Amino acid sequence: MTPELRDHDQKGEEMCQEDRESKEGEAECPLVGTDGGCHTEVCEPSPGSGSTDGCVCDPRAVLGHSDRQTWSSQMDFIMSCVGFAVGLGNVWRFPYLCYKNGGGVFLIPYVLMVFIGGIPVFFLEIALGQFMKQGGVSAWNIAPLFKGLGLASMVIVFFCNTYYIMILAWGLYFLVHSFTFHLPWASCSHEWNTPNCTLDFSRACSNHTFLTSSAALSSLLNISSLNTSGSCLEPEGMRSPVMEFWERKVLRLSGGLDEVGDINSHMVLCLLATWVIVYFCIWKGVKFTGKVVYFTALFPYLVLVVLFFHGVSLPGAVSGIVYYLKPDWSKLRDAQVWIDAATQIFYSYAIGLGALTALGSYNRFNNNCYQDAFVLALINSGTSVFAGFVVFSVLGFMAAEQGVDISKVAESGPGLAFIAYPKAVTLMPVPPLWAVLFFVMLLVLGLDSQFVGVEGFVTGLLDMLPRKSYFSSVRREVVVAVCCITCFFIDLSMVTEGGMYVFQLFDYYSASGITLLWQAFWECVVVAWVYGADRFMDDVACMIGYRPQPYMKWCWSYITPLVCMGVFLFHIVNYKRLVYNGVYMYPWWGEMLGWALALSSILCIPLTILYKLLHCKGSLIERWQHLTTPIWGRHHLEFLSHETEVKLLHNKEASKNTLLFESVI
């Protein structure tokens, strides 16, 4: 070992020793049961324990022997995080936002938000899971009063798991129909086509400039749609075959949310197939999942590279890339640009869902999660920028082939995946080949995000179960199956003729920017101001051997919470009613249902705080002190001093007025 490494390790040990000494006076946590109530369970004396009071329980008996799985290698963790955080939003949302908000200028607010919002919260969630060795709920034993944060993340990720898989089912449906010599969305000769279907729009627009059908789909995933009013297509009512395939064959779209209609049996099969794939990817735990993600995380990059080299070789590709990156410096004065940058970071980094905490909990205790956070941020944002070149090279080709401006074909969200790009491949040589490649990439890109999200939910659920209860003996495979089956039955509402309206409700409200920003705000506040930013920095130092840069503490304490709350209030003040396809406005009861989905996670935090404060006795200050005292796991005894170990356990001679609080350990 070199002298530098020796000094480095020595400093880490000294910091851990200081941390041990500081925790001796802070960790007086009484032992309680798992029912969440305040009772007085007394432990039996442990002969020969060395305690002066004669009432020290065996740590193994009290805290449980840690049998938590760990990743087979650290690369498994990296690949899982890449698979989860790098998803469809990087490919179909970032490029459009970059074009919409000033091209290359958008990278300025985007990179700034990465460093003051994305990386700090991303690192916080991973480090919290690694330190507490618990999933998204139990990790908040670091401040038990705020375990509502964990419950809120469970609600959000459950909703995400429920509706996100519909995109994969649609992608699988398109993929199956791509294995043919003639793509079904390339012509108007099918039974689902109407008399208004046409490939020649010149009769509607004599100057050959028209608004492509890709702009007719209202954007989903909280993206503003392009304005179709005033289009020369409207008087004629012309429809492209790809648009009719999407709405009349895939969705079989009804007239509104109140028109449920029949279930699409073909979509049910696609949905069932995707859930079966997800189940067998995670049923055996992280040891198996960590191997699956090597394919699901890396394969999309291979396809992206192939599509990139093919895209830049097409006529008009250069024009598309210029539109993508052309700087418009005046956009920096627009508040919406900065809001879009902040919101995109929280979406693409998968912050606030609890899954990153669950993935971090399977790390070794001394894993360098600080370094991992920066590496993963670079991969995530780099993928977004690179995907822009892939997407806009193809859109430039599409605009050149149709003789229209690039702004007429620029689209985001499902509009890009299921209308604009399928239309583009019909203009390429050997269309089925590029259609298969694109939809395989789409399917794999979303698949790892889906099953890692389910893994995060299952991890949080299993960690919540009391160790000695009946439910804790249920096999993991059964729990995963129950979760998948439950989500599948909820998804049946989205494969009906009115399913798209249900899907958009889930997307717009349940996992919107409002819920994620609210979640991130409270995570920073709890860690920085309740538990203590310096204290958490010391805990990180005990894991990685050195303290992170001070800027992390400043972000957790001041900058990131202010950014989150500012963008949160901006969304509330500028709230707009949900509209589909620029025409259909949701009924009032539909909006109320949407707000119920949003509030189901937002209210978890204040209601849990109120319940815990009212449930225990004593003065308000006493309740606060006890409910914000961390509950340590057995693995923490490795770096806590012996005196602190004793204070972690219950003393039968303690005062009867001692307040007790819940523990899931």
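This is a short tour of the structure above, with a suggestion at each stop of what to select and a description of what is found there.

**The whole chain**

Start with everything displayed, and keep in mind throughout that this is a predicted model. The protein has 25 helices and two strands, so a cartoon view colored by secondary structure is a convenient starting point. Of its 665 residues, 59% count as buried. Among contacts between residues at least 6 apart in sequence, 84% join residues at least 24 apart.

**Stop one: the disulfide**

Select C188 and C197 next, and show their side chains as sticks. A disulfide joins these two cysteines, with an S to S distance of 2.0 Å, and a search of the whole structure finds one such link. If you set a dihedral about the S-S bond, the value to expect is -70 degrees, and the link of C188 and C197 is left-handed. How exposed is C188, at 27% relative accessibility? C188 counts as partly exposed because its value lies between the limits of 20% for buried and 50% for exposed. C197, in contrast, is buried, with a relative accessible area of 10%.

Two further cysteines can be selected for their accessibility. C98 is buried, with a relative accessible area of 0%, and C542 is buried as well, with a value of 13%.

**Stop two: F106 and its surroundings**

Keep C98 on display and add F106, which is placed in the loop between α5 (94-100) and α6. F106 is buried, with a relative accessible area of 0%. Which residues does F106 touch, leaving aside those up to four places away in sequence? They are F94, L97, C98, N101, V337, D340 and A341, and selecting them together with F106 shows the whole set of partners. For V337, draw a C-alpha to C-alpha distance to F106: the two are 231 residues apart in sequence, yet 7.2 Å apart in space.

**Stop three: α6 against α15**

From F106, move on to helix α6 (residues 107-132) and select it along with helix α15 (residues 369-402); their axes come within 9 Å and cross at roughly 140 degrees. That angle makes α6 oblique to α15, because the class of roughly antiparallel begins over 145 degrees. The crossing in which α6 passes α15 is right-handed.

To see the contact itself, show side chains on both helices. On the α6 side, select L107, Y110, V114, F115, I119, F122, F123, I126, A127 and Q130; on the α15 side, the residues that they meet are C369, Y370, A373, F374, L376, A377, S381, S384 and V385. By class, the contact of α6 with α15 has 16 nonpolar, three polar and no charged residues.

**Stop four: α17 against α18**

Finally, select helix α17 (residues 431-464) and helix α18 (residues 476-491), whose axes come within 10 Å and cross at roughly 120 degrees. That makes α17 oblique to α18, and α17 passes α18 in a right-handed crossing. The contact is made by E455, F457, V458, L461 and L462 of α17 together with R476, V479, V480 and C483 of α18. What classes do the residues of this contact divide into? In the contact of α17 with α18 there are seven nonpolar, no polar and two charged residues.

Technical notes:
Residues are numbered from 1 along each chain as its sequence is written. This is a predicted model: local features need pLDDT of at least 70, side-chain atom pairs count only at pLDDT 80 or more; totals for chains, interfaces and linings use all residues. Side-chain values use heavy atoms; hydrogens and water are left out. A disulfide is a pair of cysteine sulfur atoms within 2.5 Å. Buried means under 20% relative accessible area, exposed over 50%, partly exposed in between (1.4 Å probe, protein chains only). Axes are lines fitted to C-alpha atoms, for helices over the stretch in contact, and angles run from 0 to 180 degrees between N-to-C directions. Helices (H or I, at least four residues) and strands (E, at least two) are DSSP runs, numbered from the N terminus. Angles under 35 degrees count as roughly parallel, over 145 as roughly antiparallel, 65 to 115 as roughly perpendicular and the rest as oblique. A crossing is left-handed if the near helix is turned anticlockwise from the far one by less than a right angle, and right-handed if clockwise. Contact means heavy atoms within 4.5 Å. Ala, Val, Leu, Ile, Met, Phe, Trp, Tyr, Cys and Pro count as nonpolar, Asp, Glu, Lys and Arg as charged, and the others, Gly among them, as polar.
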